[in-house]
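Dear colleague,

I am handing over the structure we spoke about, with its sequence, so that you can look at both before reading my notes. Please open it first and keep it beside you as you read.

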Amino acid sequence: MTLETKAHSVADYVYWSSLISGGVAGLVVDVALFPIDTIKTRLQSERGFIRSGGFRGIYKGLAPAAAGSAPTAALFFCTYDGLKSHLGAMATKSQQPYVHMASAACAEIVACLIRVPVEIAKQRRQALSVKYNTSSLQILYHALKTEGLRRGLYRGFGTTIMREVPFSFIQFPLWEYLKLNWTSVTGTAQTPVSVAICGAIAGGIAAGLTTPLDVVKTRIMLADQNEVRQISAFRILRGIYRERGIRGIFAGFVPRVLWITLGGAIFFGFYDLTSRILSSDNDK
């Protein structure tokens, strides 16, 4: 096997491993922790928790979430691992955190091409079930037909990126750092369980710090069509702060941190486990 052939083989493995591992991890997390996500969305809704459904129908919107989670996570990790592999080879050790940040930011933007329409359908089923008591595909078709591509199907795209990029800037360098220092600090070998613990810590910290951005994203996605042109992220945050203070800015903080902490453990644990299984099969 020539060096060029070997390089192509490694690159192909990175992409396929990322696609499969990310897809499996994303699907498991979104299905297992969906009720917590529903509660978080209803707490952040302008209609209030009770009027948005309370604890009733907490699995509403599961279908689009389940359908979109695997391709979204697969696309994210395919982009992240691919960029990390290529950029990391050209960077020094001290520059690796910046490689992780840049790779995660680019991966989030690419993944949002799938994530945003899925979030539109999911959150309208979660918090506006009376108004949108239809299938997820009908919700997306209605959004596209009445509001257009940018203001309907991809409403909140910029705000979602504004939430996801800072989240990734915190989560992924922290996750990589914790993994890198796990053995030297604990004296134990790195396993899927240790990777899961690192993911839970990194995810929980990132989730808490970016909760205000998540509140803004939820409000924009749930807003009436006539309100969309008049709202901006800053105006939404200012309005929430005037009405409900800091508690409003951090609405859904507990379920969001709980959801992403548990989700980070499951997501990164399953990702690492699936990657190890694929790696062992590839070595045979």
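What follows is an account of the enclosed and open spaces, then of the helix packing and the aromatic pairs.

Please bear in mind throughout that this is a predicted model, and that every value below is computed from it.

I begin with the enclosed space. A search of the whole structure finds one cavity of 30 Å³ or more, and its volume is about 670 Å³. The lining of this cavity is made up of 29 residues, among which D30, R115, E164, W259 and F267 are the closest to its centre. Six helices, namely α1, α2 (34–44), α3, α4, α6 and α11, each contribute at least two residues to that lining. Sorted by class, the residues around the cavity are 13 nonpolar, nine charged and seven polar.

The largest pocket, by contrast with the cavity an open space, holds about 290 Å³. Its lining consists of 16 residues, and those that lie nearest its centre are S18, D81, K84, Y271 and S275. At least two lining residues come from each of α1 (3–32), α3 (62–90), α6 (157–186) and α11 (253–283), and α3 gives the most, with five residues. The classes here are six nonpolar, five polar and five charged residues.

Since α3 appears in both linings, you may want to know how this helix sits against a neighbour. With α4 (residues 96–127), α3 packs at an angle of about 160°, and the two axes are 8 Å apart. Because angles over 145 degrees count as roughly antiparallel, α3 is described as roughly antiparallel to α4. The crossing of α3 past α4 is right-handed, and the contact between these two helices has 17 nonpolar, seven polar and four charged residues.

Following α4 onward, one comes to its packing with α5 (residues 136–153), where the angle is about 125° and the axes are 10 Å apart. That angle makes α4 oblique to α5, and α4 passes α5 in a right-handed crossing.

Finally, there are the aromatic rings. The count comes to 17 aromatic pairs, and one of them is formed by F77 and Y80, whose rings are edge-to-face, at 6.2 Å centre to centre and with 85° between the planes. Why are F77 and Y80 about one helical turn apart? The two residues are three apart in helix α3, so about one helical turn separates them.

If you would like a place to start, the residues closest to the centre of the cavity, including R115 and E164, and those nearest the centre of the pocket, including D81 and K84, can be found by number in the model.

With best wishes

Key: Residues numbered from 1 in each chain as written. Predicted model: local features only at pLDDT ≥ 70, side-chain atom pairs only at ≥ 80, totals over all residues. Heavy atoms only, no water. 1 Å grid on protein atoms, 1.4 Å probe; cavity = no way out; pocket = protein on both sides within 12 Å on 5 of 7 lines; lining within 4 Å. Points joined across faces, edges and corners; volume = space filled by probe spheres on them. Helix = DSSP H or I, 4+ residues; strand = E, 2+ residues; numbered from the N terminus. Nonpolar A, V, L, I, M, F, W, Y, C, P; charged D, E, K, R; others polar. Axes fitted to C-alpha atoms, helices over the stretch in contact; angles between N-to-C directions. Parallel < 35°, antiparallel > 145°, perpendicular 65-115°, else oblique. Left-handed = near helix turned anticlockwise from the far one by under 90°. Phe/Tyr/Trp six-rings, centres within 6.5 Å; stacked < 30°, edge-to-face > 60°.
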